[in-house]
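Biologist: I'd love a close look at a single part here, the interface. Please go slowly and tell me what each term stands for.

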Amino acid sequence: MSADIAVLGAGMHPWGKWGRSFVEYGRAAARSALADAGLDWTAVQSIVGANTVRSGYPGYVAGATFARALGWQGARVTSVYAACASGAQAIGAARAQILAGLADVVLVVGADAAPKGFFAPAGGDRPDDPDWLRFRVLGATNPAYFALYARRRMALHGDTPEDFAQVKVKNAAAGLLNPYARYRKQVTAEEVAASAVVADPLRLLDICATSDGGAALVLTSMEFARARGVADPVRIRAVSTVTPGYPRTVLDLPDIATDSARAVAPSAGSFRSSIARAAYEEAGLGPEDLSLAEVYDLSTALELEWYEDIGLCGEGEGAKLVREGATALGGRIPVNTSGGLASFGEAVPAQAIAQVCELTWQLRGTAGERQVPGARAGITANQGLFGHGSAVVAVR
Amino acid sequence: MARTRTPVVSGWFTEDAPDGGGFRLLGTRCSACTAVFFPREDTYCRNPHCPGGGELAEVPLSPRGRVWSYTDGRYRPPAPYVSDPAVPWEPYTLVAVELEAEGMVVLGQAAPGVGVADLAVGMEVEVVGGVLNEEAGTAEASGAPGASGTVWTTWQFRPVGGAE
Ligand SMILES: [Zn+2]
């Protein structure tokens, strides 16, 4: 029995530093997705908002905030927060409602207005909050964790800073072709190498920026799509939102230590690989079936790790893949055809939704100059702070 | 009047371990399933396979481990990290250390003078006490003589045999 749902509409507000409210970005993305679906807002039976913790009370109740901005019309409303996985959880909630028969048409919206520089914890003294503690006790910023992973890859797999730079070069080349991307210019390996070190071995151009932005999807039942005359829509076949297994042995944001691996033997594979595995199992397909992937390149080095975690290559072979050009546009398995976070920057609750927007356009064959020819299946992969898995499989 | 030495977080380390081992990180150990937690977990055991009914008892962690990875902070981190914006930023080094006996990786700052060039993955390091930052007391801040205030203490890692 198919558990597919249809993606009838996809829309974004361009990423950047626009200095406006997240509500404006979300509303613009929503209206764009609705126009893409050919549906009026009043036809939407349920709205799911991905929350932003930076934008105060309206951000914590994003579903209702977007509904109000679009005009109250009595739809069912849901607000979800799962850090970087918020968008995937919003899609997951929408899908569950559709498959349960609670709604035929659901609008999913995520938007953010991020501060410049490092993400920081909420104010006040909160010694029981791991996110507060890692800053107070260690000054451990997000890039510090990315750098720990990068350095370990260098020690274990022989990756080099030049390999990391190739990821930026590749993603910038794709982002150049994406009208929604914040950075739309070519970057050379020399420019990466000349940028300032933020957290050794990572440089400024190895690390994604923080941005404003918004993304939205109109999701419907397959019956609704067919009744609208869309016989062959892009379909979401899996949404993975798994938690890690105990013991988690890879140091992860915002933790100061891993679990102990002595009381219980760790299972094979990392948390990140389990995110993709759950999505593949649910979708009934594997990495060999993919036409493209969108992965969370918070750092260039992390993108290489995702290649391995989503099964595009064996452990330690990520750098080889980027060196071969396999993951570039025109390569065997293009990754981050949108330009990735390297070109967009982080707009936390929007990014997992934006990844699915890119899959949608690619699977429709409407991605323009960055189109992957004959794209039939794609996966998105992402990870939210505090153990939120996030992967979506879409097919055509 | 001397500044008071205060742990940046209470109960995470001791300068005087009960076995005479000097400075040690402190975790807790579940008596039912032997799982060890750092930072200390005092309210519940987080092992899903734990039979339950155990007590979480304080336990000093291994004084030595091996470098899992390391990096530094070339830009000033945001609050609540304490640093004086009037003073030029001095990068700090972060080390993630794998403790063999506990099977866990613990993150910490490196001891003063230990930079990324002094470290390598797999290198043996030891935990030592150190100062995270110092805060002047109100009397001192207002110009009165004396050195009241707080010295915030923390744990640091350094290569065994000392830094170069
Ligand atoms: Zn236990």
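Modeller: Let's start with "contact", which here stands for heavy atoms within 4.5 Å. By that rule, 49 residues of chain B are in contact with 39 residues of chain A. Keep in mind that this is a predicted model, where local features need pLDDT of at least 70 and side-chain atom pairs need 80 or more, while totals for chains, interfaces and linings use all residues. As for bookkeeping, residues count from 1 along each chain as written, chains are lettered from A and ligands numbered from 1 in the order written, and side-chain values use heavy atoms, leaving out hydrogens and water.

How big is an interface? People often give its size as the accessible area lost when the parts come together. Here, chain B and chain A bury about 3,600 Å² between them (the loss in accessible area, with a 1.4 Å probe, summed over both). Carbon and sulfur atoms account for 64% of that buried area. On the chain B side, look for W68(B), P80(B) and L107(B): they supply 19% of the area that chain B buries against chain A, more than any other three residues.

Now meet the two partners. Chain B has one helix and ten strands, counted as DSSP runs numbered from the N terminus (helices are H or I, at least four residues; strands are E, at least two). Follow chain B along its sequence and you get β-β-β-β-β-β-β-β-β-α-β. Its C-alpha atoms fill a box of roughly 60 × 35 × 30 Å along the principal axes. Of the 164 residues in chain B, 46% are buried, where buried means under 20% relative accessible area, exposed over 50% and partly exposed in between (1.4 Å probe, protein chains only).

Chain A, on the other side, comes to 14 helices and eleven strands. The C-alpha atoms of chain A take up a box of roughly 55 × 50 × 45 Å along the principal axes, and buried residues make up 61% of its 396 residues. Its radius of gyration, taken over C-alpha atoms, is 20 Å, which agrees with the value near 21 Å for a compact globule of 396 residues; that globule rule is 2.2 Å times the number of residues to the power 0.38.

One last thing about how chain A is wired: among its contacts with a separation of 6 or more, 75% join residues 24 or more positions apart. For chain B, the corresponding share is 59%.

How values were computed. Buried area is the accessible area (1.4 Å probe) that two parts lose on being put together, summed over both.
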